[in-house]
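Visitor: I would like to know what the words used for this model mean and how each one is earned. Where do we begin?

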Amino acid sequence: MKIIDLRSDTVTLPSPEMRQAIAEAELGDDVFGDDPTVNRLEAMAAEIMGKEAALLTTSGTQSNLTAMLAHCQRGDEVIVGDEAHILHYEAGGAFALGGLGLRPVRNDDQGRLNLEDVRSAIRGRDIHFPPTGLICVENTHNRCGGSVLSEDDLAAVRDVGAEHSLPLHMDGARLFNAAVTLGVPASHLARYVDSVAFSLCKGLACPVGSVLCGTQDFVARARRFRKMLGGGMRQAGIIAAAGVYALAHMVDRLAEDHENAQVLAQGLSSIPGISLAPPPQSDLVFFTAEGWDLGELVHRLCQRGVLCLDEGGRIRMVTHYGIERHDVEEALVRIRELVATEA
Ligand SMILES: Cc1ncc(COP(=O)(O)O)c(C=O)c1O
């Protein structure tokens, strides 16, 4: 039985061409700035995002924490959505390692920050208050169903921050998915923010890595914090070569993942008892199943070779490189059989 792994777009394996690029990478010691492949990746990423500079990090989590540290002073507060990845899934690094408070404001179901809440969360100058140092947005938004922030959404939150000279960071782990959904270059989304982090190891199918982009000054500060967080890597061209390949060859194909997500969603919604929660906008598909304990459903699907995650009240399935249309169709057959038999 073929295993159809829909748990995450992080389960991808590098393609033969990507492995070839890794094998042939020119290398040097990146802590000395000597790795030509890392330098190439950083230059490419900066150009694609329309920023002055970029920094390869080990992970999205490291990029986000590095960005918060580089924008803020210890004791500052960072405004994040109440559904943000930074708040829920990054092990509290901002508090524990950064000495930063995270101030959650409401996310709507599209992943937008409630602008009135942002305004009232920004602290005044009173010495009793921790200073606000940064606002963070997430695009696409993981817990809001892979939803996409538009340019208008980003401009609106940027304008609120600008009233108080606050920088804006975008957790764009899946920014290329957002760009593909909107049909715009990623730089059109990045131009509203001071810094942006995107993942290499999600839809772009690299084995490891994330890239943080911003001004020269910001990236120079970030480089020090990345080192502090243990992210100073030596012959990191091994990682960067996959990134260079991915930026050239893996971005446009995300449209296939989105189409497969639509096929999966349509198929799921035709199964009695299953409801989309919400309909997908990118590669993430969330649903509920009436009458099922979702943990049990995930377990039973796993026994039938369909892997997915129970994300607290919803099941998540993600389409990605390595999942073809026929895999989605086969997964739907197995899900339908299970749910119909048990109905
Ligand atoms: C929106 C978002 N931001 C950040 C991350 C963290 O990335 P990493 O797992 O590389 O630390 C993830 C991971 O799934 C994510 O979905």
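Guide: With the polar contact, which is a pair of N or O atoms within 3.5 Å; within protein, one atom must be able to donate a hydrogen and the other to accept it, and residues adjacent in sequence count only if both atoms are side-chain atoms. The model is predicted, so local features need pLDDT of at least 70 and side-chain atom pairs pLDDT 80 or more, while totals for chains, interfaces and linings use all residues. Residues are numbered from 1 along each chain as its sequence is written, and side-chain values use heavy atoms, with hydrogens and water left out.

Visitor: What makes the pair formed by the side chain of Lys 51 and the backbone oxygen of Ala 190 a polar contact?

Guide: The side chain of Lys 51 reaches that oxygen at 2.9 Å, and the limit is 3.5 Å, so the pair counts as a polar contact. The backbone oxygen of Val 193 lies 2.6 Å from a polar atom of the Lys 51 side chain.

Visitor: Why is Lys 51 called buried?

Guide: Its relative accessible area is 17%. Buried means under 20%, exposed over 50%, and partly exposed in between (1.4 Å probe, protein chains only), so Lys 51 is buried. Lys 51 lies in the loop between helix H2 (36-49) and strand S2 (53-57). Helices (H or I, at least four residues) and strands (E, at least two) are DSSP runs, numbered from the N terminus.

Visitor: Which residues does Lys 51 touch, not counting those up to four places away in sequence?

Guide: They are Ala 46, Ala 190, Arg 191, Val 193, Asp 194, Cys 213 and Gly 214. Contact means heavy atoms within 4.5 Å.

Visitor: How do you know whether Ser 165 and Ala 205 are buried or exposed?

Guide: Ser 165 has a relative accessible area of 66%, so Ser 165 is exposed. Ala 205 has 0%, so Ala 205 is buried. Ser 165 is in the loop between helix H7 (151-162) and strand S6 (168-171), with a positive phi of about 55 degrees although it is not a glycine. Ala 205, also not a glycine, has a positive phi of about 70 degrees. Among the contacts of Thr 12, outside its neighbours within four places in sequence, are Ala 205 and Tyr 321. Thr 12 is itself buried, at 7%.

Visitor: Which residues are around the ligand?

Guide: Among them are Ser 59, Gly 60, Asp 171, Arg 174 and Lys 202; a residue is near a molecule if one of its heavy atoms lies within 4 Å of it. Helix H3 (residues 60-71) gives the largest share of the shell, 3 residues.

Visitor: Which atoms of Gly 60, Asp 171 and Arg 174 lie at polar-contact distance from the ligand?

Guide: A polar backbone atom of Gly 60 is 2.8 Å from a ligand oxygen. A polar side-chain atom of Asp 171 is 2.6 Å from a ligand nitrogen. An N or O atom in the side chain of Arg 174 is 2.9 Å from a ligand oxygen. The protein covers 84% of the 390 Å² of accessible area that the ligand has on its own, by the Shrake-Rupley method with a 1.4 Å probe.

Visitor: What makes the peptide bond from Ala 277 to Pro 278 notable here?

Guide: That bond is cis, with omega near -5 degrees, and Pro 278 is in the loop between strand S9 (274-276) and strand S10 (284-289). The peptide bond from Asn 139 to Thr 140 is cis, with omega near -5 degrees.
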